[in-house]
Amino acid sequence: MKVKVGVVGATGEVGRTMVKVLEEFNVPVTELRLFASERSVGKEIEFKGEKFKVELLTEESMKWKCDYFLFSAGASVSRKFAPIAAENGVTVIDNSSAFRMEKEIPLVVPEVNAYLLKGYTGIIANPNCSTIQMILSIYKLHEVYGIEEIFVSTYQSVSGAGHKGIEELLAQERGENVMKVFPKPIHRNVIPLIGDIQENLFSQEEMKMVNETRKILNDYSIRVYPTTVRVPVLYGHSEAIMVRLKKPYESLEKVREVIASGEDVVVTDDLITPVDVAGKNETYVCRLRATDERSILFWNVADNIRVGAATNAVRILLKHAEMNGKV
Ligand SMILES: NC(=O)c1ccc[n+]([C@@H]2O[C@H](COP(=O)([O-])OP(=O)(O)OC[C@H]3O[C@@H](n4cnc5c(N)ncnc54)[C@H](OP(=O)(O)O)[C@@H]3O)[C@@H](O)[C@H]2O)c1
């Protein structure tokens, strides 16, 4: 396999990590181009020991006939530029929310629904970070027992709001009075709102978890009840999840085996916290408990920038390349 790759939003939290993960996963990139806004033109980013200069994102640059564009520069940038690349025959893997709910656009967690990539060219959407790590810990349960309902409370790190989210927490820690990104102080606090409140009183982030979970598992009967919360953690999202199954499980040990049979999922008796998963590409599950024969509870943690964005995008690239004869 040999691929030419463009990264849009290459200077951001996700973009920089995508470049790192391309290197760590040893993706055979023969040409790499990095794009961002005029703020970052000329900045250098290293890939496999070589320095690459960041270029200005323009409509013209989207006509570069590469194999993949990885986008992580926000929804409005994706809406404007991704279709130009796709019309030019390039496959775009987009981290933003711009296209996730469009019917014809595959929403992919490769461990779960990579089959959508076969024979497909165009825009592929990367799900929301909280959705990806939840899906990875439940998809095998859905295959084996069927899932009826999911109750989930998230504990999402400030890096989920991009670099500016990290800066706001650090500034507040230094005692500075800045409050631009989060609606309340985040230092020594938790905020039970991510994204705007919708007409149904759920937040945007909560509705992403509802709609994206159903689309990825291709089961619109699943009921999802999320509460999404921002916590003063730099990297790593956590989730307290309760799953109500359609069929009763045999034993908690069996449930454990089923969850652990998921790809890139680690079930452990250790106590896992966000600090433990920084830089890891797996989703961790611990504190597995049961109430009745159809209800189970657990704690789920993953690196939101990797599992929730960059690693998922690179895994999509690799699967797509493998399934479409680029290997
Ligand atoms: N953080 C997460 O956990 C996470 C998870 C999943 C998905 N995502 C999605 O990934 C995207 C980026 O998130 P992030 O956390 O990496 O944000 P970030 O740290 O704020 O980075 C944003 C990137 O977008 C670039 N950009 C912004 N406006 C641009 C424009 N008009 N033209 C060209 N480039 C532009 C920035 O370039 P400059 O350096 O020039 O400003 C920077 O490279 C968002 O769509 C976000 O929803 C994030």
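Reader: How many residue pairs are in polar contact between domain 1 and domain 2?

Author: Think of a polar contact as a pair of N or O atoms within 3.5 Å. In this predicted model, the count between the two domains is 14 residue pairs, with both residues at pLDDT 80 or more.

Reader: Which elements of domain 1 give two or more residues to the side that touches domain 2?

Author: Those are α1 (13-24), α3 (110-113) and α9 (306-323). The largest share, four residues, comes from α9. Sorted by class, that side of domain 1 has eight nonpolar, five polar and seven charged residues.

Reader: Back up a bit. Where does each domain run along the chain?

Author: Domain 1 takes in 3-128 plus 309-323, while domain 2 covers 130-303. Taken over C-alpha atoms, their centres are 24 Å apart. As for the contact, 20 residues come from domain 1 and 21 from domain 2.

Reader: And how do I read buried area here? How much do domain 1 and domain 2 bury between them?

Author: Buried area is what two parts lose in accessible area on being put together, summed over both. Here the two domains bury about 1800 Å² between them, and 55% of that is on carbon and sulfur atoms. In domain 1, the residues losing the most area to domain 2 are E13, E111 and N128, together 39% of what that side buries.

Reader: What about salt bridges? How many are there between domain 1 and domain 2?

Author: For a salt bridge, look for a side-chain nitrogen of Lys or Arg within 4 Å of a carboxyl oxygen of Asp or Glu. Between the domains the count is two, and by this rule it comes to 19 salt bridges in the model. Try finding D264 and R315: their side chains meet in a salt bridge, 3.4 Å from N to O.

Reader: Which residue forms a salt bridge with R100?

Author: That's E212, with the closest N and O atoms 3.2 Å apart. This pair links distant parts of the chain, 112 residues apart. R100 sits in the loop between β6 (91-94) and α3, and E212 is in helix α6 (residues 204-217).

Reader: Now the ligand. Which residues around it come nearest?

Author: Of the 26 residues around the ligand, the nearest are T11, V14, S37, R39 and S40. Zoom in on T11: one of its polar side-chain atoms lies 2.5 Å from a ligand oxygen atom.

Reader: What do the backbones of G12 and S159 lie close to in the ligand?

Author: For G12, a backbone N or O atom is 3.0 Å from an oxygen atom of the ligand. For S159, a polar backbone atom is 2.9 Å from a ligand nitrogen atom.

Terms used:
Residues numbered from 1 in each chain as written. Predicted model: local features only at pLDDT ≥ 70, side-chain atom pairs only at ≥ 80, totals over all residues. Heavy atoms only, no water. Domains from an automatic or database assignment. Contact = heavy atoms within 4.5 Å. Buried area = accessible area lost by both parts, 1.4 Å probe. Polar contact = N/O pair within 3.5 Å; in protein donor to acceptor, adjacent residues only side chain to side chain. Nonpolar A, V, L, I, M, F, W, Y, C, P; charged D, E, K, R; others polar. Near = heavy atom within 4 Å.
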